[in-house]
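Let's take a walk through this structure together, one spot at a time. Keep the model open and turn it as you read.

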Amino acid sequence: MAVHEQGGLKTAEIAPATGKLGVMVVGMGAVATTLIAGVEAVRKGLAKPIGSLTQMGTIRLGKRTEGKSPLIRDFVPLASLDDIVFTGWDIFEDNVYEAAAHAKVLDSDHLAQIKPFLEAIQPMPAVFDQYYVKRLNGTRVKKGKHKCDLAMQLIADIQAFKKTVDRVVVLWAGSTEIFLEPTAVHQSIAAFEKGLVDNDPSIAPSQIYAYAALKEGVPFANGAPNLTVDLPCMVELSRLNSAPITGKDFKTGQTFIKTVLAPAFKARMLGVAGWYSTNILGNRDGEVLDDPESFKTKEESKLGVLDYILQPELYPDLYKDLYHKVRINYYPPRGDNKEGWDNIDIFGWLGYPMQIKVDFLCRDSILAAPIALDLVLFLDLAKRTPQLANIGIQEWLSFYWKSPQTAPGLYPEHDLFIQLMKLKNTLRHIMGEDLITHLGLEYYD
Ligand SMILES: NC(=O)c1ccc[n+]([C@@H]2O[C@H](COP(=O)([O-])OP(=O)(O)OC[C@H]3O[C@@H](n4cnc5c(N)ncnc54)[C@H](O)[C@@H]3O)[C@@H](O)[C@H]2O)c1
């Protein structure tokens with residue numbers, strides 16, 4: 001294995017991204033089809049990968065005076081978009097073209113240009129149980145004696161796909177499952193495997209997919225807020241099989257803006273009395289989230305960020321009494337074009353109140369697709385990087401999540417710009433470059 005020098009230490013080199021990268025997407029709905037169609041449109045030169053840090057972002061190396069800022073994809077060995085091959089699972093029979101047409105994120109002219117490519121991707125039958133997603137009724141669902149049998153069928157799917165590509169990543173872009181909490185069955189691999197055979201109700205389908213992927217040494221990303229890999233058994237499996245995992249629930253619209261604004265208030269020591277966030281959304285995700293049990297899963301994920309960023313225990317005068325409310329309302333006419341309103345009651349000098357209103361007319365899947373792409377590419381990079389492959393949780397990818405995953409006992413970092421700095425410094429670190437601390441005193445020597 002090749003080595004390079006880093007701070008006097010010899011470090012093993014990252015394996016090159018040669019050959020095909022297989023991406024297995026669980027749930028071929030709005031996000032998945034927008035990701036797949038988008039990658040193909042970019043490959044054909046029909047559009048630009050806007051919103052993707054891996055495709056458009058640069059990274060500064062060395063001092064500001066050196067003027068070295070390569071593209072991230074030229075700096076670290078990422079898989080090329082041309083080498084990505086997609087497959088996946090869904091509970092409906094639609095091929096990716098039909099699913100994309102149903103999702104109505106991309107317009108028909110856009111889809112028509114890549115129709116044959118999209119039509120050729122047919123999802124495999126899914127592992128699904130309506131108990132965990134009440135608003136959906138699947139028609140193409142695997143059958144098995146118990147959950148272990150279903151896991152084995154997924155493992156067989158992954159093994160078969162592995163024969164056609166060089167590396168694989170699994171991405172959950174499936175619906176939000178009901179709110180679950182960890183139980184005894186999640187505390188070790190052995191307990192989980194027994195739970196699979198016993199059909200333990202605490203094991204949701206998303207966990208069965210995650211187990212299958214990690215068992216196969218395949219990185220797994222969870223785009224939804226479900227309890228899936230944030231479990232001791234999955235962390236153990238991830239480390240054991242060098243299958244990187246990271247946080248959950250794509251940080252796309254309202255929470256993205258929240259994790260930009262809240263650090264700004266804290267930086268200026270401005271108080272926040274209340275933060276009311278509401279959304280209207282009319283896609284299938286909105287329909288699923290209309291069920292109170294699935295909404296609770298999303299609510300927990302959305303509510304967490306402010307407490308961690310504002311640290312009321314450190315700043316009781318500013319944030320102790322903050323009232324934070326999040327609502328999601330299913331409103332079919334809007335489709336995937338969500339509207340998110342925030343009313344923020346802040347206070348300043350001597351406690352005088354002020355208000356900020358944010359009205360974000362966003363497109364959910366247009367924001368999510370580039371995040372999904374970056375995660376797939378960075379998880380594949382992590383798998384090929386000796387310093388990252390067997391550490392389990394990739395905290396440096398917190399940037400992309402509403403709920404970043406961390407080592408036990410660590411609070412998650414939610415501030416978007418700290419997250420970006422952590423991500424870029426990790427890339428510098430694995431490539432043997434100096435970290436950037438922003439100290440900058442050397443310019444004044
Ligand atoms: N779009 C965003 O901005 C955004 C942001 C954060 C999180 N998310 C989450 O991403 C997920 C996908 O969002 P979407 O808008 O594409 O939803 P969607 O409803 O359009 O797609 C979800 C797909 O998953 C399928 N599915 C459900 N359970 C499955 C299972 N067990 N196996 C295989 N397929 C299954 C459904 O049939 C559907 O086709 C949701 O959980 C959503 O909450 C989306």
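Start at the ligand. It has 34 residues around it, and A30, V31, D90, V127 and G174 come nearest. Keep in mind as you look that this is a predicted model.

Now pick out the oxygen atoms of the ligand. One ligand oxygen sits 2.8 Å from a polar backbone atom of A30. V31 brings a backbone N or O atom to 2.7 Å from an oxygen atom of the ligand. With T176 it's the side chain that takes part: an N or O atom there is 2.9 Å from a ligand oxygen. On its own the ligand would expose 830 Å², and the protein buries 98% of that.

Who builds the shell around the ligand? Helix 1 (30–43), strand 4 (84–90), helix 9 (205–215), strand 8 (245–250), helix 12 (284–289) and helix 15 (364–384) each put in at least two residues. Helix 15 is the top contributor, with 3 residues. Sort the shell by class and you get 18 nonpolar, 9 polar and 7 charged residues.

Next, find Q419, which sits in helix 17 (residues 416–430). Is Q419 buried or exposed? Its relative accessible area is 0%, so Q419 counts as buried. Its side chain has polar company, though. One polar contact, at 2.8 Å, links it to the side chain of K251. The Q419 side chain also reaches the backbone oxygen of E413, at 2.6 Å. Skip the neighbours within four places in sequence, and the contacts of Q419 are K251, W396, S398, F399, P404, E413 and H414.

From there, move over to N343 in strand 11 (residues 339–347). N343 has a relative accessible area of 18%; the cut-off for buried is under 20%, so N343 makes it into that class. What does the side chain of N343 hold on to? There's a polar contact with the side chain of D345 at 2.9 Å, and another with the side chain of K357 at 2.6 Å. Leaving out residues up to four places away in sequence, N343 touches G274, W275, Y276, Q355, I356 and K357. For a sense of scale, try A151: that residue is 192 residues from N343 along the chain, and their C-alpha atoms are 45 Å apart.

How about the cysteines? The structure holds 0 disulfides. C148, for one, is in no disulfide, and the nearest cysteine sulfur, that of C233, is 14 Å away. C148 counts as buried because its relative accessible area is 16%. C362 is buried too, with a value of 5%.

Last stop: the backbone. Most residues other than glycine have a negative phi. Q311 is not a glycine, yet its phi is positive, about 50°. You'll find Q311 in the loop between helix 13 (292–310) and helix 14 (316–319), and with 14% relative accessible area it counts as buried. L350 is another residue other than glycine with a positive phi, near 65°. L350 lies in the loop between strand 11 and strand 12 (353–361). Is L350 buried or exposed? At 68% relative accessibility, L350 counts as exposed.

Conventions. Residues numbered from 1 in each chain as written. Predicted model: local features only at pLDDT ≥ 70, side-chain atom pairs only at ≥ 80, totals over all residues. Heavy atoms only, no water. Helix = DSSP H or I, 4+ residues; strand = E, 2+ residues; numbered from the N terminus. Buried < 20%, exposed > 50% of the residue type's maximum accessible area, 1.4 Å probe, protein only. Polar contact = N/O pair within 3.5 Å; in protein donor to acceptor, adjacent residues only side chain to side chain. Contact = heavy atoms within 4.5 Å. Near = heavy atom within 4 Å. Areas by Shrake-Rupley, 256 points an atom, 1.4 Å probe, with all protein chains shown as cover. Nonpolar A, V, L, I, M, F, W, Y, C, P; charged D, E, K, R; others polar. Disulfide = S-S within 2.5 Å.
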